[in-house]
Amino acid sequence: MSSIAIPRPRTYERPVVLDWLTTVDHKKLGILYLYTTMFFFFVGGTLALVVRTQLAVADNSFVGHDLYNQIFTMHASAMLFLFIIPVWAGFGNYIVPLQIGAADMAFPRINALSFWLVPPAGLLMFSGFLFGGAADAGWTAYSPLAQRSGTGMDLWIIAVILLGISSTIGAANFLVTMFRMRAPGMTMFRMPIFCWTVLVTAVLQLLATPVLAAALSMLYIDRNFGGAFFDPNGGGNAVLWQNVFWFYSHPAVYIMILPGMGIVSEVLPVFSRKPLFGYKAFVFATMGIGGLGFGVWAHHMFTTGAVLKPWFGFMTFMIGVPTGVKIFNWLGTLWRGSITFETPMLFALGFLSMFLIGGINGTFSAAVPVDFALHDTYFVVAHIHYVLFGGSVFAVFAGFYYWFPKIWGRRLNERLGQLHFTLMFIGFNLAFFPMHLLGLEGMPRRIATYSDSFNWQTLNFISTIGAFMIAVSTLPFLVNVVMAFSRPKDQPNDPWEANTLEWWTTSPPPVHNFDDVPEVHSERPLFDYRHGSAASH
Amino acid sequence: MAAHTGTQHRQELSNGMLGFILFLASEVMFFGGLFAAYFIARADSPTWPPALPADKLAAGVELKVEFALPFIATCLLVLSSVTIQFGVWAIQKGDRSALIRWLFISIVLGAVFLTMQMYDYSQLPFRADDTVYGTTFFTLTGFHGAHVAGGIIFMTVIMVRSMAGQFSASRHEAVEACSFYWHFVDIVWIALFTTLYIVK
């Protein structure tokens, strides 16, 4: 088994702060992404605790109703635009070039621009609190509600456009990197599965995000220049906003979940000591989800009566097919594997079970008559949290525990990891399962309080306990990270006996990533190397 | 890196051009969103242009556009697409001074287009807040105009770089990227002109 040597570029010594502020190294930018997005995760989480405190008991007045509107809007905006979407850019930045055996991304300086758009956009979005109130029309910013909000809404629009530019140029960068910079022997169908999910995500971002920029521009023109896009008095149409917004925002929910599926598909094989079951089926299922994702946006709009309901209902059910294929990929991988339960595996299994529930309760709402009953109730809030928290956030933590030894050269403590998972898993279900029942009882989403006579208090109180349990569960995680940083960097290249090229180089990798790369004969080059020969397939 | 991008994957299209084409794809989607909004607004309206409220009628607002001046502007913009292509062909043969000449002509044509558009704006009997007709007209043509301005800056940068002695028969990627962008701006305008001025 030979390997291919790579010439080593020159390195330059620079002051540490200047180096981090001006770096174009994909690994450092990836770490900056991870720090920034985790910061916004904690900010968004704090806002969620305010929401849950307000809803804990009936007729509560913990926060005023106007402030409540701002808080739930900013909770969702921070979690979606400043945490979930850019956190995948963080993992993608760090991991994708390593997994394909490249020295960096295709366009390192554009990569730095993608990152440096995120913190100012976050500050801009939150600065609304200083200028008469932040955006308060929900993260969906429906017209005419969004027309009546204050300055915070304009700041929100500009911030989301900036984040859109960040993810659009980032997407082009990821695509060129994966199309052009793979190691010798790595065909597209030998690319690690995480790369494939980032690739499909990048296609969605490249094609859907500009439509959101167009929609937000129209909203800005309506609000500031007397435009009539969404104003029926001037011949416009309020439902037009929903069409252009969801044309982006439905593909966006796949942007938020696909790389998480990729992480889980890296973790499950490693800790089951088996190859991913049905690699190609998984790739085609990912493409299928991406493709179908452009044809289902109007299932958010059934109750407007202005969309072709049978078509969009049918297409939405169709999404269940490739998603089901993936569930079988994962179950087939686990089947008769030598499973061990390290923390990354716990979070991956948490993903599998919780995402399954989120997928099934989403399919309920694909049925038009059911959706008419459930639309805008807490059932929908339960659904989105089962896919985006039970799915995406669990995958984020699976990725953190899995790649922590690679990124920081240190291993996280297993016991604290198990405590983190256990508390988060229980807290998550306590917080969000009752929302299904509240939704079925008719509790609308986004209300600031409710009357005692509805008998919603018990379930809401349980949900609030769960939310605080999630908050507590992050403490062992933080303690774990702080303790790890006080230990020496002692991790070997490949502590998990994993399959992909990022584990070939040192932990953490040198600036130039690789001194050499092994020949790639399959999607598991390190497995082939350990076992002394190329895989037979 | 050089070891396996330079030798293994030797391709016609460079990484930079591939990235630029992907960027143009996102631009197509941006204008796609604006066009979609226009067609939905037009389809939903019982008449097109929509009926004006009485106070706007009294104020002399009319929802109509002149054909002649924009048509001349359109011809000039299409012509500028041809001239920049001559520039690309010139540098492919290594003729840098011809590239500079063709770029200069293209920049002037683009600037004349923008000036005519601004004059046309000043003469129109309606504004962006006069029904969805005015809003879509100024949004679509305005975003296109901004792209024309961006293209003029792009071409100016390329021209200055050519005058500094850059680009040759073998290295002229930025010139081609610039011409792709300018053709894209031209094609969007042809679609806009057809939609806003011709289709009744």
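# A tour of the two-chain model

Select chain B and colour it by burial: of its 200 residues, 34% are buried. The model is a predicted one, and the predictor assigns the complex an ipTM of 0.92 and a pTM of 0.94. Staying with chain B, switch to the cartoon view, where the secondary structure consists of 7 helices and 0 strands, so that the order of elements from the N terminus reads α-α-α-α-α-α-α. Along the principal axes, the C-alpha atoms of this chain fill a box of roughly 70 × 35 × 20 Å. Of the contacts in chain B with a separation of 6 or more, 81% are between residues 24 or more positions apart.

Next, colour chain B by confidence: the average pLDDT is 92, and 94% of the residues score at least 70. Residues 1-10 of chain B are a stretch to select separately, since the pLDDT there is below 50, although the model gives this stretch 12 contacts beyond near neighbours in sequence.

Now move to chain A, which has 17 helices and 2 strands. Its radius of gyration is 23 Å, close to the 24 Å that the globule rule gives for 537 residues, and chain A is therefore as compact as a globular protein of that length. The C-alpha trace of chain A spans about 70 × 50 × 50 Å along its principal axes, and buried residues make up 56% of the 537 residues.

To see the interior of chain A, begin with Ala398(A), and display its partners beyond four places in sequence: Ile263(A), Val264(A), Val267(A), Pro344(A), Phe347(A), Ala348(A) and Phe351(A) are in contact with it. Ala398(A) is also among the members of the largest nonpolar core, 224 residues in all, that touch the most other members, together with Ala215(A), Val264(A), Val267(A), Ala348(A) and Phe351(A). Selecting helix 14 (residues 378-408) of chain A then shows the largest share of this core, 22 residues.

Go on to helix 9 (residues 238-272) of chain A, and pick out Trp241(A) within it. Trp241(A) counts as buried because it has 25 C-beta neighbours inside 10 Å. Setting aside residues up to four places away in sequence, Trp241(A) touches Tyr142(A), Ser143(A), Ala215(A), Leu219(A) and Phe230(A). A distance label drawn from the C-alpha of Trp241(A) to that of Leu219(A) should read 8.1 Å, for a pair 22 residues apart in sequence.

The next stop is helix 5 (residues 118-126) of chain A, where Val118(A), Ala121(A), Gly122(A), Met125(A) and Phe126(A) are the buried residues. These cover an arc of only 125° around the axis, and therefore lie on the same side of helix 5 of chain A. Turn the view to the other side of this helix, and Pro120(A) and Leu123(A) appear as exposed residues. Showing helix 2 (26-55), helix 3 (65-99), helix 4 (108-116) and helix 7 (151-180) of chain A brings in elements included in what covers the buried residues of helix 5.

Finally, display both chains and select the contact between them, which takes 38 residues from chain A and 34 residues from chain B. On the side of chain A that touches chain B, the elements giving two or more residues are helix 7, helix 8 (193-224) and helix 9 of chain A, and helix 8 of chain A supplies the largest share, 9 residues. Colouring this side of chain A by residue class gives 27 nonpolar, 9 polar and 2 charged residues.

Technical notes:
Residues numbered from 1 in each chain as written. Chains lettered and ligands numbered in written order. Predicted model: local features only at pLDDT ≥ 70, side-chain atom pairs only at ≥ 80, totals over all residues. Buried ≥ 20, exposed ≤ 12 C-beta atoms within 10 Å, placed from the backbone. Helix = DSSP H or I, 4+ residues; strand = E, 2+ residues; numbered from the N terminus. Arc of directions from axis to C-beta. Contact = placed C-beta atoms within 7 Å. Core = buried A, V, L, I, M, F, W, Y, C linked by C-beta atoms within 7 Å. Nonpolar A, V, L, I, M, F, W, Y, C, P; charged D, E, K, R; others polar. pLDDT = per-residue confidence, 0-100. Rg over C-alpha atoms; globule rule 2.2 N^0.38 Å.
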